[in-house]
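Let's take a walk through this protein together, from its charged pairs to its rings and a few loop residues. Keep the sequence and the structure side by side as you read.

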Amino acid sequence: MSGQYSTNVKTQYFQPRTHLKNVITEFRLDAESAYFPNLRLSNIGTVVNAETDTPDLVGHLGCIRAIHLRDGATTISSTRHANRWLSFMSQRDSNQNNLCIHSPQSKAAVGFVLTERDKVENVRFDQANKHKSPTTYNELNTALLDLRKVFPILQSMSVLDTAMMPHLKVVIEWETNKALITNSNNIGAYTVQEPELLADQIMSEKAIGVLRKSLKDVVWDEIESDQFVVPDQQTESTALDAAASKEQVVNAVVNGFDNKYVSKMLMMKTYQDTDSPFTTGNLADGYGNYSSLNQLREKTQLRVNGSNIFAGDGLVSDSQKAMLLYQSWGDVNIAPFTNRNNIGATLSANALVNTSGVPPRLTSGLKLGDRVGQSDYIGFSVEDKIRQLNFTYSRTIIKNNEAQRRNELGLTVLIFAECRKSLQFQGGGYKISYL
């Protein structure tokens, strides 16, 4: 690593070769050059017509819908639903690192402090994480993204050699859904700023020669995604008697990972209607569209190639989900109770009896925090080549006449998977394939 900061290395600042306003941006690296794989995007930000907070889990990175690393027409690495994936990745570090490094870099609000009254509170960075109007915009109000978070292949490569990949480029597709860009669904005009690509170019021919000789075949886990839908049940919920309940069962065949070796998976249960998490004041409820919603009496079973991978009825409790998430994805920096449907029998509109260790509501610290029930990720290991993948998902619907709903709403269940890929160097060229 120390070699990256010697006189043999020069940091290049690339301006976009193509920038279509709010649509797509493309960067191209110089041919016949060599770069370290620690590519970064800087100056990521969006100007809106009125000041508003950025989404807590992603900050300004919410404007990135998809991002691709390509050599001409060949896709080397790619992440779809990049902003949603980054919302999970932002929580995969220690609380201290999130507070002091990652949140300031992305202008997010990830990480917690325990107050003197035993309340668990998010730390916000005041003006630093707000979208700015055009008259007050400045470069300090932008985000930085390490591209190794969205291009996992970069973590396994020692050098990016554009003599071998002569048309190497980074392509960014910008988010067009305003409800994913800010914490308000009432913004009008917006403009995604032109970012910069930072690349550490190796200037020493001797060092380049050594790195080229050290190039070996690369195996990595690419982040790929698919989804299924859980239909809306608001009408059915309203029609139920007070003491009645109804189980909703969804069986889904997911084809996006067929013929691919899958290491592990992550299920993120989001709002199907992206206007659903916004209150009458046009502000997002908690994490808004970047929530993964806990549902009442939820059950999840997965069949891989005809065999269930969970025993019995599958995952049926919040503690089971939390245990498997940790075993497969490691530590996740989420607050207590945010993976639970509720805390005791307290309704969200009522004052809490015991607030110790509970995330409070921002507008009223004495009520149940709106982030409770919004960080319920389902993660697990598969370690198998997929020929057929089936999900059985169920939740229980009860009568609910509340204005703010979560348990009866239609859901989009996003599925992210680590799919094993390889890059093989062959006679001055290369071949990319799934394992």
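Which residue's side chain meets that of Arg65 in a salt bridge? This is a predicted model, and in it the partner is Glu173, with N and O 3.2 Å apart. To find the two residues, look for Arg65 in strand S8, which covers residues 64-71, and for Glu173 in strand S15, which covers residues 168-174. Because these strands are separate stretches of the chain, the pair ties together parts that are 108 residues apart in sequence. Neither side of this pair is hidden away completely: Arg65 is partly exposed, with a relative accessible area of 33%, and Glu173 is also partly exposed, at 22%.

That bridge belongs to a set of 17 salt bridges in the structure. As a general reminder, side chains of opposite charge can pair when their charged atoms come close. Another example joins Arg148 to Asp146, where the closest N and O atoms are 2.8 Å apart. Here Arg148 is partly exposed, with a relative accessible area of 26%, and Asp146 counts as partly exposed at 24%.

Now turn to Glu298 and Lys321. Are these two residues buried or exposed? Both Glu298 and Lys321 are buried, and their side chains meet in a salt bridge with an N to O distance of 2.6 Å. Glu298 sits in the loop between strand S20 (261-271) and strand S21 (299-304), while Lys321 belongs to helix H5 (residues 318-329). The pair thus links distant parts of the chain, 23 residues apart. If you follow the charges outward from this pair, you reach a network: salt bridges that share partners join Glu298 and Lys321 with Lys269, Asp318, Arg340 and Asp376.

The loop between S20 and S21 deserves another look, since it also holds Arg297 and Asp275. Arg297 has a positive phi of about 50° although it is not a glycine. Arg297 counts as exposed because its relative accessibility is 52%, and the cut-off for exposed is over 50%. Asp275 counts as partly exposed, at 45% relative accessibility. Which residues gather with Asp275 in a patch of negative charge on the surface? They are Asp232, Glu236 and Asp273.

A positive phi turns up again at Asn305, with a value of about 55°, although Asn305 is not a glycine either. You will find Asn305 in the loop between S21 and strand S22 (307-308). Asn305 has a relative accessible area of 19%, and buried means under 20%, so Asn305 counts as buried.

Next, the aromatic rings. The structure holds 8 aromatic pairs. One of them brings together Phe228 and Phe391, whose ring centres are 5.6 Å apart. Why does this pair count as tilted? The ring planes stand at 35°, and tilted is the class for angles that are neither under 30 degrees nor over 60. Phe228 lies in strand S18 (residues 218-230) and Phe391 in strand S26 (residues 389-398), so the pair ties together parts that are 163 residues apart in sequence. Both rings belong to buried residues: Phe228 has 6% relative accessibility, and Phe391 has a relative accessible area of 1%.

Other rings come together as a group. Ring pairs link Trp85, Phe88, Trp329, Tyr377 and Phe416 into a cluster. Trp85 and Phe88 are also among the buried residues of helix H1. How many residues of H1, which spans residues 82-89, are buried? The count is 7 of the 8, so helix H1 is largely enclosed by the rest of the structure. Besides Trp85 and Phe88, the buried residues of H1 are Ala82, Asn83, Arg84, Leu86 and Ser87.

Our last stop is Pro195, in the loop between strand S16 (190-192) and strand S17 (196-202). Although Pro195 is in a loop, it counts as buried, with 0% relative accessibility. For a landmark, use Ile172: its C-alpha atom and that of Pro195 are separated by 10.0 Å, and the two residues are 23 residues apart along the chain.

Key
Residues are numbered from 1 along each chain as its sequence is written. This is a predicted model: local features need pLDDT of at least 70, side-chain atom pairs count only at pLDDT 80 or more; totals for chains, interfaces and linings use all residues. Side-chain values use heavy atoms; hydrogens and water are left out. A salt bridge is a side-chain nitrogen of Lys or Arg within 4 Å of a carboxyl oxygen of Asp or Glu. Helices (H or I, at least four residues) and strands (E, at least two) are DSSP runs, numbered from the N terminus. Buried means under 20% relative accessible area, exposed over 50%, partly exposed in between (1.4 Å probe, protein chains only). Patches are made of residues with over 30% relative accessible area and no salt bridge: like charges are joined within 9 Å, nonpolar side chains (Val, Leu, Ile, Met, Phe, Trp, Tyr) within 5 Å. Accessible areas come from the Shrake-Rupley method with a 1.4 Å probe; for residues, only the protein chains shown count as cover. Lys and Arg count as positive and Asp and Glu as negative; His and the chain ends are not counted. The place of a charge is taken as NZ of Lys, CZ of Arg, CG of Asp or CD of Glu. Rings of Phe, Tyr and Trp (its six-membered ring) pair if their centres lie within 6.5 Å; planes under 30 degrees apart count as stacked, over 60 as edge-to-face and the rest as tilted.
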